[in-house]
2 protein chains.
Amino acid sequence: MTTMDADRSAPTLEAVARRSGLSRSTVSRVINGSPNVTPETRALVDAAIAELGYVPNLAARSLASRRSHAIALVIPEATSRFFTDPYFAEVVEGVAGHLEHSPYTLTILVSSETDPGRTSRYLQGGGVDGALVISTHRDDRSYVELSTKIPVVFQGRPMSPHGDDAVIVDVDNVAAARRATEVLIARGRRRIPTIAGPQDMAAGIDRLSGWRTALAAAGLEPGRVETGDFTPEGGAAALERLLASGEAFDGLFVASAQMAYGALERMRERGIRVPEDVSVTAIDNDRFAREATPPLTTIEQPTRAQGAKIAEILVNMIERRPFERVTIMDTRLVERESV
Amino acid sequence: MTTMDADRSAPTLEAVARRSGLSRSTVSRVINGSPNVTPETRALVDAAIAELGYVPNLAARSLASRRSHAIALVIPEATSRFFTDPYFAEVVEGVAGHLEHSPYTLTILVSSETDPGRTSRYLQGGGVDGALVISTHRDDRSYVELSTKIPVVFQGRPMSPHGDDAVIVDVDNVAAARRATEVLIARGRRRIPTIAGPQDMAAGIDRLSGWRTALAAAGLEPGRVETGDFTPEGGAAALERLLASGEAFDGLFVASAQMAYGALERMRERGIRVPEDVSVTAIDNDRFAREATPPLTTIEQPTRAQGAKIAEILVNMIERRPFERVTIMDTRLVERESV
DNA sequence: GTGAAAGCGCTAACAC
DNA sequence: GTGTTAGCGCTTTCAC
């Protein structure tokens, strides 16, 4: 058993000033890289900082300057799902990569599930200069409200009723799903059900609607709709239900590669050949799409680029530069063996 | 194109004081839950807070109180690996779960790879009350040094030369590897190579050493050692090299289930039957262990519990309560079909 | 139980 | 180019 030592209090800017024989303002100027300092004084101050091992106190700095130079990325999702989904990982990489070259520190805020108020108090309390929200379920209402208090950028259309003036970066999920379905139709498939995503998420709703549009445009009867939770297990379960319904099909559009991965596994077990018996397409070009058997034809969305984009826009908002309220990014078709 | 509105400045504690006809000190007491306030005053203040939508300024609060009530979990690893490894996800869940019931906010700090100084300045600048480090590569030297400035708890033995007085929570990786290898020996296996982890990580080194110990204790010749990077791909590549070496084997100990997953895939492709031709054991009871073909016999380490433990210890350090400097947690054998 | 006063460590006008 | 002077919004003795 041990106990923490009393902390020998850290050196202050004041100490650096005395040590270098200059005023606090000058020291502050050096620290903040002001051009109005002679190289000599700068050297003097830097030396004092190094000798003392001085590190600026963030709280004092942000209290005085009203900026924290920190940006939060909020995880509304249950922690485990967030970490398991390669999609999130790539978006985070895009964000981190962009901020790398800016003065902002990225902080991923694991919001308390039992007390969401704590998260929003943290965000509103000046702990960060702005927030990034990867939008998911319908209850991101509180984050949309947060938008009126501090700069917030959503990746993906938020489901809140008042989300219409939220700043967002997204892909056209309707068009993506439509395209994926058209690939099936072009292959001569005529009976095309879908495994849709959760209908309380914008991506889930939009992809379902894209599938409907494609079928209607081709004059085909809409097939059966089974929904899953975007996980492989959810996809597998949805496929079971589809089979259990007894409805025959020769094509299948799945709203995410993860779900398709699970569904393909089940089809293989049942002896359904892909693409011979059924052609399959999905959305997301992640490792599940690549590793599925057979590898999936999918619509790829630029995940890292979206991450970089939300970061870029947020920084523009914070620094009061002009920015786009809505950014729709391009998707592209990646053809593999499942069709 | 849009530009951010000027922010109508947030109400201050001062405003709440005026609104409720009380002093700032009293308002502060209410906010901080001091017992020395009559229920009536409390009600008065609460009403004013609600009407004004007051949210305390974190910077001011932590400047005055010298506490941020925030804890950082540092990701030293490349972002993508962190998010891909189920191990990290579970540790984070354990941490988050524990802090849920404390006044501390969890922040995952994505440390800048190009400028690690930024991360350490953030941590030393009072941005957080303490830090959690999931130890990995040999260069966590800077975090060990950080320990002298603020409370830091390591999950896993850090590789720094001066890491000996770091506060850590870990499992006995040597014993775990030894146990896993003994299972193979007990099955009558006699030629047992290993796919080891990176030798610049404590877990990689210790697991290799446990395998050696088991073999030596049984009077067996040490088999070949191939190292991987703890990923399925790394495991697959290591197995290829093992095969290429021409050395025959009837048992195989792999330092992580992820690597074993990749290795098993390759063995299946080569027609090597598990466990008929080769028995395989590994460490980590994650989804890779469960989903491998065949499912893996592994040593399970309590990931969530370790997360909860590091959080618990860190909070004790911060609040100057006694704590254990070294905590070694139990592992257990999980038997499946790979042996 | 409540209020007054003195900072916490820094930045930002404003003078010089 | 550098120093002086006020605060930033809160907590915290210390009186009452």
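This is a short tour of a predicted model, to be followed with the structure open in your viewer.

**Stop 1: the two protein chains**

Start by selecting chains A and B. Chain A superposes on chain B after a rotation of 180 degrees with 0.1 Å of shift along the axis, and the RMSD is 0.1 Å. The two copies are thus related as by a two-fold rotation axis. Both copies use the same surface, with 100% of the contact residues of chain A recurring in chain B.

Now display the contact residues themselves: 44 residues of chain A are in contact with 44 residues of chain B. On the chain A side, the elements that each supply at least two residues are α4, α5 (79–84), α6 (86–99), β2 (105–110) and α7 (116–124). Which of these elements gives the most to the side of chain A that touches chain B? It is β2(A), with 6 residues. Colour that side by class and you should find 22 nonpolar, 15 polar and 7 charged residues.

Stay with β2(A) for a moment. β2(A) pairs with strand β2 (residues 105–110) of chain B in the antiparallel sense, over 3 bridges. To see one opposing pair, select A:T107 and B:L109, which stand opposite each other, the latter in β2(B).

**Stop 2: the DNA strands**

Next, show DNA strand C and the 27 residues around it. Those that come nearest are A:T12, A:L13, A:S28, A:A60 and A:A64. From chain A, α1 (13–20), α2 and α4 each supply at least two residues of this surface, as do α2 and α4 of chain B. With 5 residues, α4(A) gives the most to the surface near DNA strand C. By class, this surface has 10 nonpolar, 13 polar and 4 charged residues.

Then switch to DNA strand D, which also has 27 residues around it. Here the nearest are A:S25, B:L13, B:S28, B:A60 and B:A64. Two or more residues come from each of α2 (24–31) and α4 (58–65) of chain A, and from each of α1 (13–20), α2 (24–31) and α4 (58–65) of chain B. Which element has the largest share of the surface near DNA strand D? That is α4(B), with 5 residues. The class count for the surface near DNA strand D is 10 nonpolar, 13 polar and 4 charged residues.

**Stop 3: the domains of chain A**

Hide the DNA and colour chain A by its domain assignment: domain 1 (3–56), domain 2 (70–171 + 303–329) and domain 3 (173–301). The C-alpha centres of domain 2 of chain A and domain 3 of chain A lie 29 Å apart. Where these two meet, 11 residues of domain 2 of chain A are in contact with 10 residues of domain 3 of chain A. The domain 2 side of that contact divides into 4 nonpolar, 5 polar and 2 charged residues.

**Stop 4: a buried strand**

Select strand β5 (residues 167–171) of chain A. All 5 of its 5 residues are buried, so β5(A) is largely enclosed by the rest of the structure. In a regular strand the side chains alternate between the two faces of the sheet. Turn on side chains here: A:V167, A:V169 and A:V171 point one way, while A:I168 and A:D170 point the other way.

Add the strands that pair with β5(A). Strand β4 (residues 152–155) of chain A runs parallel to β5(A) over 3 bridges, and A:V153 has A:V167 as its bridge partner. β11(A) is also parallel to β5(A), joined to it by 4 bridges, and A:I168 stands opposite A:V326 there.

**Stop 5: unusual backbone geometry**

Most residues other than glycine have a negative phi, and most peptide bonds are trans. A few places to select depart from that.

- A:H69 has a positive phi of about 55 degrees. A:H69 is in the loop between α4 and β1 (70–75) of chain A, and counts as partly exposed because it has 17 C-beta neighbours inside 10 Å.
- A:R320 also has a positive phi, about 55 degrees. A:R320 is in the loop between α14 (303–318) and β11 (326–329) of chain A. Is A:R320 buried or exposed? With 12 C-beta neighbours inside 10 Å, A:R320 counts as exposed.
- B:V274 and B:P275 are joined by a cis peptide bond, with omega about 10 degrees. B:P275 is in the loop between α12 (257–269) and β9 (279–283) of chain B.
- The peptide bond from B:T293 to B:P294 is cis too, with omega near -5 degrees. Look for B:P294 in the loop between α13 (287–291) and β10 (297–300) of chain B.

Key:
Residues are numbered from 1 along each chain as its sequence is written. Chains are lettered from A and ligands numbered from 1 in the order in which they are written. This is a predicted model: local features need pLDDT of at least 70, side-chain atom pairs count only at pLDDT 80 or more; totals for chains, interfaces and linings use all residues. A residue is near a molecule or strand if its C-beta atom, placed from the backbone, lies within 6 Å of it. Ala, Val, Leu, Ile, Met, Phe, Trp, Tyr, Cys and Pro count as nonpolar, Asp, Glu, Lys and Arg as charged, and the others, Gly among them, as polar. Copies are superposed by least squares on the C-alpha atoms of residues with pLDDT of at least 70 in both. Two residues are in contact if their C-beta atoms, placed from the backbone, lie within 7 Å. A residue is buried if 20 or more other C-beta atoms lie within 10 Å of its own, exposed if 12 or fewer, and partly exposed in between; C-beta atoms are placed from the backbone. Domain bounds come from an automatic or database domain assignment. Two strands pair if DSSP finds at least two bridges between them.
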